Number of protein chains: 2
Amino acid sequence: MEILGIAVISLDGCLTRHDEPGSAFASKEDAAHFRATLDSCDAAVMGRATFDGERERILASLDTDRLRVVLTRSPDAYRDLERPGALEFTDAAPRAVAADLARRGARRVALLGGGQIYALFAAAGLVNRWIVTVEPRLFGDGTRLLEGKADVRLELVESRRMNEGGTLLLTYRVPDTDPPAAAADAR
Amino acid sequence: MEILGIAVISLDGCLTRHDEPGSAFASKEDAAHFRATLDSCDAAVMGRATFDGERERILASLDTDRLRVVLTRSPDAYRDLERPGALEFTDAAPRAVAADLARRGARRVALLGGGQIYALFAAAGLVNRWIVTVEPRLFGDGTRLLEGKADVRLELVESRRMNEGGTLLLTYRVPDTDPPAAAADAR
């Protein structure tokens with residue numbers, strides 16, 4: 001199983017423009033790439049705030065084959081929305097979430113943020129690949145790609161310019177990732 | 001006159017790895033690029049902390065033709081080190097610093113940080129070009145490229161892979177920069 005960290009940021013590493021929720025600053029080329037990449041995944045993991053920001057869209061698209069797992073400290077508050085196999089809420093640790101997805105046969109998992117979720121999974125060595133869109137913007141203030149300390153070495157796999165303004169799509173692999181078997185052992 | 005913001009960051013926009021001073025994480029390819037780019041500039045602007053971190057190296061190389069301007073709230077504390085035309089200390093605002101450099105005939109100014117200095121000059125519309133090295137690392141914690149709010153649109157001029165690991169050298173121009181004449185008028 002492979003976990004892909006998928007994000008769009010400003011050049012200075014902001015997931016949001018100041019305190020605006022969501023990523024309205026992202027280019028349409030990023031939006032198309034995001035949709036296509038997400039469609040190639042059989043599971044998606046996100047934090048509560050990311051879910052709440054996209055709640056209507058997600059609830060309207062639960063008939064795909066993709067399992068959405070939402071990490072929240074209060075899964076009980078979301079029991080009414082739960083649809084096992086399509087939309088689940090959990091307060092489990094990242095390693096346990098990854099091991100559970102592997103056990104259930106997920107092959108390709110999209111990690112959708114936000115910054116705390118990215119940081120938790122990165123620090124635990126669970127992200128195998130980062131697919132990061134860098135928009136040609138500087139914000140200086142906003143949610144950070146990683147909201148929490150980590151120290152991860154990457155290797156650039158591909159760099160692609162997506163439009164005239166210079167949106168970059170950067171794909172990195174993470175050489176030191178825990179192999180999935182080790183993650184499974186840790187349950 | 002052109003002001004170049006020159007920096008090396010992690011993919012998530014950190015200038016430093018956690019609380020380590022300096023940029024020891026930067027690749028040797030970045031170091032060579034930085035030296036060559038700095039040598040192409042006839043002035044350099046930096047904050048006090050950046051100067052103090054490189055003090056010995058800077059004091060040993062004052063015989064070049066490059067004027068170094070150090071922004072500090074306490075220029076009087078550095079009077080002993082001052083060498084007019086080579087190393088100067090000022091508490092002037094970014095716009096006044098830029099106008100003074102233009103008046104004195106500077107053509108190409110290297111803006112060397114740190115994050116507060118980058119943010120001040122970016123927010124004032126004074127940076128014409130950003131030359132940013134993105135190392136394939138994630139830190140999650142550290143000084144940010146911009147330590148202060150801004151909202152700047154960039155246009156990617158060039159993207160170049162510098163080594164096998166995938167260090168990227170990204171050059172952006174800033175379409176909305178104040179023309180130097182306007183900056184000079186503001187003195």
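**Loops and the contact of two chains**

Reader: Between which two elements of chain A lies the loop that holds Gly114(A)?
Author: Gly114(A) belongs to a loop of chain A. This is a predicted model, in which local features need pLDDT of at least 70 and side-chain atom pairs count only at pLDDT 80 or more, while totals for chains, interfaces and linings use all residues. Residues are numbered from 1 along each chain as its sequence is written, chains are lettered from A and ligands numbered from 1 in the order in which they are written, and side-chain values use heavy atoms, leaving out hydrogens and water. With helices (H or I, at least four residues) and strands (E, at least two) taken as DSSP runs numbered from the N terminus, the loop lies between β5 (108-111) and α5 (115-123).

Reader: Which residue of chain B is joined to Gly114(B) by a cis peptide bond?
Author: Most peptide bonds are trans. In chain A, the bond from Gly113(A) to Gly114(A) is cis, with omega near 0 degrees. In chain B, omega is about 5 degrees, and the residue joined to Gly114(B) is Gly113(B).

Reader: What is the phi of His18(A)?
Author: His18(A) is placed in the loop between β1 (2-10) and α1 (28-39) of chain A. Most residues other than glycine have a negative phi. His18(A) is not glycine, yet its phi is positive, near 55 degrees.

Reader: How is chain A related to chain B?
Author: Superposition is by least squares on the C-alpha atoms of residues with pLDDT of at least 70 in both copies. A rotation of 180 degrees with 0.0 Å of shift along its axis places chain A on chain B, with an RMSD of 0.0 Å. The two copies are thus related as by a two-fold rotation axis.

Reader: In chain A, which residue has the C-alpha nearest the axis?
Author: The axis is that of the rotation of 180 degrees. In chain A, the nearest C-alpha is 2.2 Å from this axis and belongs to Gly13(A).

Reader: How much area is buried between chain A and chain B?
Author: Contact (heavy atoms within 4.5 Å) takes in 35 residues from chain A and 35 residues from chain B. Buried area is the accessible area (1.4 Å probe) that two parts lose on being put together, summed over both. Carbon and sulfur atoms give 58% of the total, which is about 3,100 Å².

Reader: Which residue of chain A forms a salt bridge with Arg17(B)?
Author: A salt bridge needs a side-chain nitrogen of Lys or Arg within 4 Å of a carboxyl oxygen of Asp or Glu, and four are found across the interface. In the one formed by Arg17(B), the closest N and O atoms are 2.5 Å apart, and the partner is Asp151(A).

Reader: Which residue of β8(B) is the bridge partner of Leu138(A)?
Author: Two strands pair if DSSP finds at least two bridges between them. β7(A) and β8 (residues 152-153) of chain B pair in the antiparallel sense over two bridges. The partner of Leu138(A) is Val152(B).
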